[in-house]
Every structure is written in C-alpha cells, then in structure tokens.
Amino acid sequence: MEQILASSPDSDSIAREQNVTPWSVAGEVGQDGAVKPINYDKLVQQFGTKIIDDALRARFERVTGHKLHRFLRRQIVFSHRDLELILDKHERKEPFFIYTGRGPSSDVMHIGHMIPFQMTKWLSDVFEVPLVVMLTDDEKYLTSNMDRKVEEYEEYARENAKDIIAVGFDPDRTFIFSDYNTMGGDFYRNISRISKRISRGTADACFGFDSSTNIGKIHFAAIQAASSFATSFPFLFGVDSLQAAKIPCLIPCAVDQDPYFRLTRDVASQLGFAKPSLIHARFLDALQGPGSKMSASVESSSILLRDTPKQILKKINQHAFSGGQETLEEHRAKGGDPEVDVSFQYLKFFLEDDAELDGIRQAYRSGEMTTGEIKKRCADELSKFCTSFQERRSQVTDATLEHFMTPRLLLYRGVKFSMVLSTVNSKSAESKCGGDDKNPNSKNQAKKVEKLRLIQEKKLQKAKDQYNGNNKGRPSS
C-alpha cells in the first residue's frame, strides 16, 4: 500500500487518493498539490463500519444514564462495530471488558495520543468494567526504520505507561502490560491460534504487505488480536476458558487501527470467541492542517504533553494552519472557515462547553473573531489541559506503575470479577435445576455461590502465580 506524504503547494506533486493504515495517515492530494482533509465517510465505506447515528447515541445515553462525552456529542467518535451489543450486555449486567493500547515510539506523548485514552477513561468510569491497556513495544521495534534497541522501546513503554496512568484511570479496574513482558502462557497460546488462521494473502490484502515487509510486522496482527479475548488473561477473567470465551470487549481506538480488528473478528468466529466491538475516533490534525496527524518526532507538527504554556502559544502562533483570510479587512468582510482552522479543531476536541464552542464557531465564521484571537483561545485551553496533566503525571511513582502492571483481580461494578463469574455460573446452575424455591438446589444457592467463589479465587491465584513464574527475572516496563 503506497504511502502518501503531504507536499507543499509549490512542490511537484501528483494527485493521490487518501491513505489510512495503522502506520501512516495522509489525506487525498489534489492536482494542485494541496492535501485535503480526511474523508471519514469514505473510510466508513472502505472499512465496512457503521456510523454512530442519533438513535445509537440516544440509546447510549438512556442505557448508561450519563450525558454523552463531548467526543460522542460532536461525532469525533463517529463509527463503530457492534456497539449496540455492548449496550445490551450493560443493560443485562453481563460481563465484558474494555481494551485499548499504545505503540510506544518515543518517551513522550502528544495531545493527539490522549484522544482514545480520554474516551477510554470515560467509558471505564461509565461502565465500571475491567480495562486492559496493551503497550506494543514489540510492534514499534519491528516497524521502526530507526536503529534502536529492544531495550529502548521497553523504556518508552514504561514512560508511556506513566503518561497513561496520569489520565486518571482507576487502579482497581485497570491492568497495563507490555508485550515484551507478557508474551507466554495463555496469551501466547491465543497468538498461535490466531496466527494459524490468518493466511499471508489475507494479511497482504488487509495491510498492503509486500515482499519487503519483515515477518515480525506480518505476525504482529496476531499479537494485537490476542488482547481482544478474555481467555488471554486467566488471572483477570478466570481459568474456565469456555466461560471466558463468551466475554466480549469494547475497543476504543483511532480509525486507522480498524484493519487489525477486522481480522480479529473473523478469527473470533473460527475460534468460538466473542467478537470484539469497536468505536473509532477521528484524528487530531497536525498543526500544519487537515489531511495529516500529529507526530511526536516532528515537534513542529504537535503539541507535546510536556510543553509549557509559552511553548504551546508559540507553536500555535507559528505553525497552526489558519482558516482565516489573508488580511484583517478581508477577514472581517468574509469571515473564516472553522472546519479547516486547526485552532478551532483543537477546541472542538478539548473545550467541554458546547455553547462556548458554538459561539466561537459563529464569531469566527462571521469575521467577528480574528485568527489571532482564536489562536490565543486555543493556546489557553491546551495550556490548561497540559498543565493539569503534568501535575497528575508528577504524582505517578514507580510504585504506582508497578501496581497497574501487576496481574491481579479487577473490579466489575464495584465487586471482584471472580464474584461476577461465580454469580454467572450460579445462575446457570440454578436455571438448569428449575430455579424455584421448592427445588432443594435453589435453597442452597448462597452456599453454592460461596463455594464457587472460593474455587474461582483459588484458580485465579494459581494462574497469577504461574504468570509471575513465567516472567520471573524479567525487567518490568
């Protein structure tokens, strides 16, 4: 699959279609060399996903009893696969979990990386279900063109994990792990099962691989998929693989990651596992404008989480693509275009107040608000976000990190997940024996639940001890 690089308008360029893959994102390039915004409607058709429409948003709000996150209200999270099935699970109080991830390509993250994690935190708080966060340090080593060591990516994973924790995730519901430290046991068994069911031809067609692609990059699709299945984590979701296989997950991610999970859903059917559900977010444009996305390795394209208010204002003033007119007089007369203006787009992602955002949109469009004024408002909002993040990040210690990365029982709606599984097993047993008060088995349900709980916790502890034994002596990251 050909990679498109954004060109400057005065360079020689050939028109190209937009290109969105897990490794590169670029908008369509016109005959004039200008890069166009990402066409998300086209991606929905290309990937075969569904738009999150008004009816689904209304149901989400009704089922959860929570006002929708601004990403949902503003169609920033715009597409899905089987989100309605997760809402069904939530209504019936049946177990599921959330899974998301991060590819640690450097020791610093930018504000664009925060979009899936902000959404994930909100979902975790609303649903109160376990969350697993995968750090794909192996993928970044395999896909990088830079001459870096494995150990560097392990350290990036550790630093990125601290950034993720600083988003505010609940330590009682969240497990963070790196691939290098987790590969083995049930996790690797699932990788093997998945690998056997993805042909080279299927992988090539899905990702655009060719004869120059290293085999590690090809195989990584199976690794990414394994975290979608509860059976990969017996110390979290129980050692009864038949029961765990029924537990689905919800994956919040940027839309460029969808190809991995199209394959995953196909393989899930073959393995008898619950298919993962997904919700997809739009990209946060690079400072240079639509049709691109931020890169931490190109500081002029991004607002880094560690940037100071002074640095943020300078970057916005110098690099943020403007939707305004060439002169102030012309801008007052014609107004600006907020849909291509980077400062407005950043406010759309980070400003919580809908009324204020709409007021800014109208004022900028009418010419009442100038480019300088909207850049200043954007810089103020991003500075507030980054300063708050930096304060939380300073509180994340090595001990905090170790807690999040230690296999342990997580909470589901305020109780240990093992109790949820015991209750599910108990209900199943009760259903088989009739479930009425006259049945002597029903009278002993309390004893059965307690017995199942003790058995389950004993098995889970054994699985946890086995995991720790497999990883003994490895450096944590």
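Seven strands form an open sheet, and their order across it is β3-β4-β9-β8-β5-β6-β7, with mixed pairing. At the edges of this sheet are β3 (50–51) and β7, each of which pairs on one side only. The model in which this sheet appears is predicted. The protein chain as a whole contains 23 helices and 11 strands.

The β7 edge can be followed in some detail. Strand β6 (residues 131–135) and β7 run parallel and are joined by 5 bridges. Two of the residue pairings across them can be named: V133 has I176 of β7 as its bridge partner, and M134 is matched with F177 of β7. Although β7 is an edge strand that pairs on one side only, β7 (residues 174–178) is mostly covered, with 5 of its 5 residues buried. The cover extends to both faces of the strand. On one side T174, I176 and S178 are buried, and on the other side F175 and F177 are buried. The bridge partners I176 and F177 thus belong to opposite sides of β7, I176 being listed with T174 and S178, and F177 with F175.

Moving inward along the strand order, β6 is followed by β5 and then β8. T100 lies in strand β5 (residues 97–102). Is T100 buried or exposed? T100 counts as buried because its relative accessible area is 4%, and the cut-off for buried is under 20%. Leaving aside neighbours within four places in sequence, T100 is in contact with L131, V132, V133 and M134, and also with F117, T120 and P252. Two of these contacts, V133 and M134, are the residues already met as bridge partners of β7 residues.

P252, a contact of T100, also leads to an enclosed space. A search of the whole structure finds 2 cavities of 30 Å³ or more. The second largest cavity has a volume of about 40 Å³. Its lining consists of V77, I115, P116, M119, P252, C253, I279, H280 and A281. Which elements give two or more residues to this lining? They are the helix α5 (114–127) and the strands β8 (249–254) and β9 (277–281). In the sheet order β9 and β8 stand next to each other. By residue class, the lining of the second largest cavity has 8 nonpolar residues, 1 polar residue and no charged ones.

A second buried threonine is found outside the strands. T370 is in the loop between α18 (354–366) and α19 (371–393). T370 counts as buried because its relative accessibility is 13%, which is also under the 20% cut-off. Not counting residues up to four places away in sequence, T370 touches L328, H331, R332 and Y364.

Some figures apply to the whole chain. Of the 477 residues, 53% count as buried. Among contacts with a separation of 6 or more, 75% are between residues 24 or more positions apart.

Confidence varies along the chain. The average pLDDT is 88, and 85% of the residues score at least 70. Over residues 1–12 the pLDDT is below 50, and this stretch has 20 contacts in the model beyond near neighbours in sequence. Residues 431–441 also stay under 50, with 8 contacts in the model beyond four places in sequence.

Terms used: Residues numbered from 1 in each chain as written. Predicted model: local features only at pLDDT ≥ 70, side-chain atom pairs only at ≥ 80, totals over all residues. Heavy atoms only, no water. Buried < 20%, exposed > 50% of the residue type's maximum accessible area, 1.4 Å probe, protein only. Helix = DSSP H or I, 4+ residues; strand = E, 2+ residues; numbered from the N terminus. Pairing = 2+ DSSP bridges. 1 Å grid on protein atoms, 1.4 Å probe; cavity = no way out; pocket = protein on both sides within 12 Å on 5 of 7 lines; lining within 4 Å. Points joined across faces, edges and corners; volume = space filled by probe spheres on them. Nonpolar A, V, L, I, M, F, W, Y, C, P; charged D, E, K, R; others polar. Contact = heavy atoms within 4.5 Å. pLDDT = per-residue confidence, 0-100.
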